[in-house]
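Me: I am new to this structure and would like to learn how to read it. Please take me through it one feature at a time.

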Amino acid sequence: MQGIVIQGSTGYVENIVDIYVDIPNVVFSTWEGEPEENIQLIKSKGIEVIQSPKPSIPGKFNINLQALSTFNGVQYLKNKGVTEVLKIRNDLKPNNIKLLLDILKGKSLSFLAICKPNVRPMYYDLVYIHNSFDFPVDLVLYGSIENLEKCFDFQIEENYAIPPEALIAYNYFINSSLEFKLDYDIFIKNNISFFMNECLHNNI
């Protein structure tokens, strides 16, 4: 059974909530203190809302916020019996969300795309050494409940200059007891896929 976690603030709800009407198992995972009118608008469309306290340390590019809100949304859907989850950022609006779910059904872990050098030029450090900038983007991803738990069950304790995409992938590999390397071939070898081409082919 599939479900959707819409993750982030509620500032764009008027533009995106209608595409989720009549889709089962959708939860909007956001923060305490969001405007009440936005919360009520979401609920009026039949979408459940989770409001979490914001972490005291946001992390680079608010990665702790993304990790916590996504993880809480995944846990909510797990408790409803959902087995596969689409996580999507709050400001994105696919042309055909139902078709996207059909395309992704059964995928173990799938990211929208992969970044290459100079897409996001930045210097950063982790507890590993790599020779590639092949890290998956975090705008939209899909997978089994268990794999999304592995991706987002973390909080960083300092504002390290680490792309959130790299941290999400890193935690998946570590929590799966796999050797981690930011490399496209390693991702494919470990049954991680990418679905940008399918979106482009189907005008999603």
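Reply: Start with the vocabulary: helices and strands are DSSP runs, with at least four residues for a helix and at least two for a strand, and they are numbered from the N terminus. Keep in mind that this is a predicted model. With those terms, N62 can be placed in the loop between strand 3 (48-52) and helix 3.

Me: How many helices and strands are there in the chain?
Reply: The chain has eight helices and nine strands. Of its 204 residues, 51% are buried. Among contacts in the chain with a separation of 6 or more, 67% join residues 24 or more positions apart.

Me: What is there to notice about the phi of N62?
Reply: Phi of N62 is positive, about 60°, although N62 is not a glycine. N203 also has a positive phi, near 55°, and is a residue other than glycine. N203 belongs to the segment after helix 8 (196-201).

Me: Are these residues buried or exposed, and how is that decided?
Reply: A residue is buried under 20% relative accessible area, exposed over 50%, and partly exposed in between. N62 has a relative accessible area of 42%, so N62 is partly exposed. N203 is at 56% relative accessibility and therefore counts as exposed.

Me: Which residue does the side chain of N95 reach?
Reply: The side chain of N95 reaches the backbone oxygen of N203 at 3.1 Å. N95 itself sits in the loop between strand 4 (84-89) and helix 4 (97-104). Apart from neighbours within four places in sequence, N95 is in contact with N203 and I204.

Me: Why does N95 count as exposed?
Reply: N95 counts as exposed because its relative accessibility is 56%. A further distance helps to place N95: from C-alpha to C-alpha, N95 and I19 are 8.4 Å apart in space, while 76 residues separate them in sequence.

Me: Now a residue from a strand. Where is I4, and what does I4 touch?
Reply: I4 is in strand 1 (residues 2-7). With residues up to four places away in sequence not counted, I4 touches Y20, I23, N25, V26, V27, L77, L86, I88, I97 and L101. The C-alpha atoms of I4 and V26 are 4.7 Å apart, though the two residues are 22 residues apart along the chain. I4 counts as buried because its relative accessibility is 0%.

Me: And a residue from a helix: is I39 buried or exposed?
Reply: I39 is at 1% relative accessibility and so counts as buried. I39 lies in helix 2 (residues 36-44). Its contacts, leaving aside neighbours within four places in sequence, are T10, T30, E34, V49 and Q51. Between I39 and I50, eleven residues apart along the chain, the C-alpha atoms are separated by 9.6 Å.

Me: What does the side chain of S69 reach?
Reply: The side chain of S69 reaches the backbone oxygen of Q66 at 3.3 Å. S69 is part of helix 3 (residues 63-79). S69 counts as buried because its relative accessibility is 0%. If residues up to four places away in sequence are not counted, S69 touches Q7, S29 and W31.

Me: How do I read a pair of helices, such as helix 3 and helix 5?
Reply: Take the angle between the axes; over 145 degrees counts as roughly antiparallel. The axes of helix 3 and helix 5 (residues 145-152) cross at roughly 155° and come within 9 Å. Helix 3 and helix 5 are therefore roughly antiparallel to each other. Their crossing is left-handed.

Me: Which residues of helix 3 and helix 5 meet?
Reply: From helix 3 come Q66, A67, T70, F71, V74, Q75 and K78, and these meet I145, L148, E149 and F152 in helix 5. By class, the residues of this contact are six nonpolar, three polar and two charged.

Me: At what angle do helix 5 and helix 6 pack?
Reply: Helix 5 and helix 6 (residues 164-175) pack at about 115°, and their axes are 6 Å apart. The crossing of helix 5 and helix 6 is right-handed. Helix 5 contributes N147, K150, C151 and F152 to the contact, and helix 6 contributes I168, N171, Y172 and N175. The residues of this contact divide into four nonpolar, three polar and one charged.

Technical notes: Residues numbered from 1 in each chain as written. Predicted model: local features only at pLDDT ≥ 70, side-chain atom pairs only at ≥ 80, totals over all residues. Heavy atoms only, no water. Buried < 20%, exposed > 50% of the residue type's maximum accessible area, 1.4 Å probe, protein only. Polar contact = N/O pair within 3.5 Å; in protein donor to acceptor, adjacent residues only side chain to side chain. Contact = heavy atoms within 4.5 Å. Axes fitted to C-alpha atoms, helices over the stretch in contact; angles between N-to-C directions. Parallel < 35°, antiparallel > 145°, perpendicular 65-115°, else oblique. Left-handed = near helix turned anticlockwise from the far one by under 90°. Nonpolar A, V, L, I, M, F, W, Y, C, P; charged D, E, K, R; others polar.
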